[in-house]
Structures are given as structure tokens and as C-alpha cells.
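The following exercises concern the pockets and the strand pairing of one protein model. Each task is followed by a solution in steps.

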Amino acid sequence: MRILILLAGLFHGAEAREYQYAPAPVDNPLKGFVPYVESARNADFPCAMEFRYFALDELMKGWGRYDWTPLEATLEEVRGRGRQLCFRVYSEYPGKGNRVPGFLEDEGVKVVRWEGDNTYEATNYTPDYESPIFRKAMKEFIAALGEKYDGDERVGFVTIGLLGSWGEWHNYPRNDLWASKTVQSEVMDVYEEAFQKTKALLRYPAGKNDSVYESNSERSFGYHDDSFAWATLDTGKEEDGWYFVPKLKKAKAEDRWKRQPIGGELRPELWESSFTSKPHPKSQDFAKCVEETHVSWLMDSGLFKAGLSQEKRRNAEAAVRRMGYEIHLASAKVVDGQLVVEFENRGVAPFYYPWPVELLVGEEKVDPGWDLMKVSSMEGYQALTELPANWEGQPMRLRVKNPMENGRPLKFANKEQGDVWLELGEF
């Protein structure tokens with residue numbers, strides 16, 4: 001079988017069958033709102049992914065010694081609900097004690113204990129990121145993590161942590177404890193090598209002249225905005241230069257979404273009032289934030305609490321359908337024994353993984369080789385495949401199967417979409 005990307009209108013002489021748009025499910029894979037695993041156990045709002053933090057000392061027990069049990073148990077729990085996991089590994093987390101592996105301290109890695117400011121009133125334990133011992137440990141751990149989980153179908157996305165409070169790549173207000181650009185570069189180098197199938201996301205976009213962060217604008221990472229709709233849009237104020245969109249612009253990474261995913265977290269201060277008629281006075285326009293960042297997924301455990309109002313549910317569901325992909329099969333026709341289809345994307349971002357498309361002609365399976373990652377905009381994507389000799393009068397169906405066992409299938413934004421298959425009909 002072969003695939004061709006075609007210009008619109010290339011085939012003539014056959015009348016195309018048009019298909020009706022209908023909103024895709026809110027819990028389509030690898031997009032939408034994401035609760036913490038603990039909140040997801042009794043979640044009422046539909047979701048396709050769950051999120052969890054893991055401490056470095058939970059997983060790394062010595063040089064070359066790892067205990068993947070906590071991560072494995074979570075992956076299996078989340079898979080059991082038909083969802084994929086996003087996760088981050090941290091070495092420090094305000095209020096959660098010292099999470100630096102004890103064997104590293106025994107070998108001389110210093111840990112600074114300090115108190116947070118009035119924004120985050122918690123005790124922090126920051127390792128010496130410049131320590132050759134700690135740098136070696138991080139590199140070995142990341143390589144082992146990638147060897148174990150890169151390409152694991154249970155994993156949706158990995159956010160690149162390890163450095164800074166919450167693994168969020170800053171130590172504000174103790175900027176003196178922050179990692180040097182050399183250390184940042186080492187961490188990115190190993191992550192880039194270790195995760196070549198599973199998408200990995202960085203917190204802050206940075207260009208070559210960034211004063212705090214090592215340049216990452218030419219690396220193969222996505223980004224995650226963890227202050228979404230609070231510190232996302234460009235205000236034009238110099239003091240807001242750390243906001244997500246200004247940093248994207250300064251790094252010349254505004255088009256990163258075309259190749260790599262954008263994720264993040266709706267700022268926790270907004271959880272209570274988001275998607276209601278009374279937004280937080282400091283919130284930025286959510287729809288505009290989605291449009292400018294092309295975000296695919298956002299953590300928001302506020303949606304997964306009991307007692308969600310119908311207004312909030314309705315508004316949040318509408319927001320999900322704009323985030324990420326919303327792929328609609330617009331038309332199909334048969335020309336000289338070849339099925340020609342046209343897709344369009346009504347979302348703001350592509351689908352980022354090469355999940356296979358399956359075509360069923362009667363009872364015969366056909367591998368069309370179509371690449372849904374190319375359905376990136378409203379401009380449309382046309383593709384064709386050869387049909388079996390007995391195609392005439394045979395019902396045709398289409399599906400995208402989630403490669404994870406028990407995973408929910410990707411569904412098209414079509415009225416003709418069934419529980420699993422998209423019904424194309426007979427030709």
C-alpha cells in the first residue's frame with residue numbers, strides 16, 4: 001500500500017461523498033483536561049490522561065539500582081481506567097521533605113534547607129545542582145528512565161523535571177540555588193537522547209540570549225505552561241516577560257506546536273472559578289490562551305471534584321474540543337480503484353503520535369498508511385490508498401486504534417462515528 005499527500009482538487013470525475021461534523025468525545029486520547037491520579041479515581045468529568053509526580057528517591061536507590069514499582073503500579077492503575085499517564089520526576093518539592101536519594105548525600109551532595117516566601121509557605125530542600133556527583137546521578141537516572149519507558153504505550157507525555165522546585169525549573173525566590181546553564185544543558189542532552197518516541201516537554205522556552213535558561217528552541221522538546229491563563233498571554237509589560245507567550249516569542253519558538261506538543265496546568269488559583277460566569281479577576285482569556293499556545297492538554301484537578309455544576313461542565317467540554325486535535329473526515333470518493341479521503345482539523349494542534357489508521361472493506365482489512373499527524377490545520381489533508389479488487393458494494397469503515405491495551409480509541413469528529421468504527425458506507 002502507498003500513501004500520497006495530495007493537493008485539493010487533484011482528482012476529478014468522481015463525486016465525493018461528504019460527511020457531517022459532530023463534536024468528538026471529550027475524552028479522546030492524549031488531549032483535554034488532566035486530573036491528578038488521586039482525583040481521577042472517582043472522576044466525574046471525562047478525561048483521557050492522568051498525572052502524577054514521582055520523587056527521585058522513590059525510584060533511584062543507588063548507582064545502577066532503580067525501583068520502578070511506584071511508577072509501574074501507577075501506570076497499571078491508570079491503564080485499567082483506559083487512560084494514559086503523564087508524569088514528572090522531581091528532586092525537590094516544597095513541603096514534601098528531603099527527596100534527594102540518601103546515598104548521594106552520603107557521598108557528599110549538599111542539600112540546602114530553606115523556607116518559601118508568602119506565595120509558597122513551605123520548607124524546601126534543594127540539592128547542589130553543580131555537584132559532579134549529583135550531575136552524574138541525574139544523567140544516569142534519565143538514561144535508565146528512557147531505556148525503561150521511552151515508547152511505552154501507557155505513557156502519554158513526560159514533563160522534564162529533576163531541576164528546581166516541583167521539578168519546574170526554577171528556585172524562586174532563591175535564585176542563587178538555581179542550576180547553571182551547563183547543568184541544564186546536560187539534563188536536556190540526556191533527555192533528548194533517552195526519549196525519542198515518547199514526547200518530552202520543558203517548562204520554559206529559551207533562545208540563545210536568555211539570561212537564565214540554556215537555549216532549547218532548537219531541541220526536540222515540547223513545552224508546558226504551568227501558569228496557564230494566569231501568566232500566559234503577552235501583556236507588553238517588561239515585568240511580565242517570564243509569561244509563556246512572551247518567552248515563546250523571544251525564543252522564536254511560536255511554531256513549536258507544529259512539531260511538538262504544548263501542555264501544562266491551569267493555574268491552581270483559577271480552578272474554582274474557571275469556566276463559570278464569575279472568572280477570577282487575575283485570569284487571562286482562556287480561549288485566547290488556547291489559540292495562541294496551541295495547547296493540547298492541561299492539568300486541572302478542579303474539574304474533577306464532586307458537585308461540578310452543569311454550567312461549568314458544559315463550558316469545560318467546549319474548551320476541550322478546541323484544545324489539541326479535533327479531526328473530521330470531510331469527504332471520500334473512489335477513483336480508479338483507489339479510495340481518496342480528505343480530513344480537516346478543527347482543533348488548534350496536530351495529533352502527535354504515529355498511531356495506525358485501519359480501513360475495513362467488507363471483512364478485509366487494509367493498511368492505508370495514512371499519517372494523521374499531518375492533519376494539522378483547516379487547510380485539509382488528502383490521502384489515498386488502493387482498494388482490494390472486490391471493493392464495489394462493500395461497506396467501508398475506518399478506525400484509529402489506541403496501541404495501549406484497554407486504551408480508548410481515537411474517534412473522529414463525525415456524526416458517522418460509532419463506538420469504534422467510522423462508517424464510510426458503500427461506494
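**Exercise 1.** Determine how much space lies in the largest pocket of this predicted model and which residues lie nearest its centre.

*Solution.* Begin with the volume: the largest pocket holds about 1,000 Å³ of space. Next, consider the lining, which consists of 35 residues. His170, Tyr172, Arg203, Tyr204 and Trp242 are the ones nearest the centre. Then sort the lining by class: 16 residues are nonpolar, seven are polar and 12 are charged. Finally, locate contributing elements: β11 (222-228) and α7 (244-250) each provide at least two lining residues.

**Exercise 2.** Describe the second largest pocket by its volume and its lining.

*Solution.* The volume is about 250 Å³. The lining comprises 16 residues, and Ser274, Phe275, Pro279, Gln284 and Phe286 are the closest to the centre. By class, eight of the lining residues are nonpolar, seven polar and one charged. Helices α8 (286-293) and α9 (310-322) each contribute at least two of them.

**Exercise 3.** Establish which strands pair with β15, and explain why β15 is largely enclosed.

*Solution.* First, take β14 (residues 327-335): eight bridges join β14 to β15, and the two run antiparallel. In this pairing Lys333 stands opposite Val340. Two residues separate β14 and β15, which form a hairpin, and Asp336 in the turn has a positive phi of about 50°. Second, take β18 (residues 381-386), which pairs with β15 in the antiparallel sense over six bridges; here Leu339 stands opposite Thr385. Last, count burial: seven of the eight residues of β15 (residues 338-345) are buried, so the strand is largely enclosed by the rest of the structure.

Definitions and conventions: Residues numbered from 1 in each chain as written. Predicted model: local features only at pLDDT ≥ 70, side-chain atom pairs only at ≥ 80, totals over all residues. Heavy atoms only, no water. Buried < 20%, exposed > 50% of the residue type's maximum accessible area, 1.4 Å probe, protein only. Helix = DSSP H or I, 4+ residues; strand = E, 2+ residues; numbered from the N terminus. Pairing = 2+ DSSP bridges. 1 Å grid on protein atoms, 1.4 Å probe; cavity = no way out; pocket = protein on both sides within 12 Å on 5 of 7 lines; lining within 4 Å. Points joined across faces, edges and corners; volume = space filled by probe spheres on them. Nonpolar A, V, L, I, M, F, W, Y, C, P; charged D, E, K, R; others polar.
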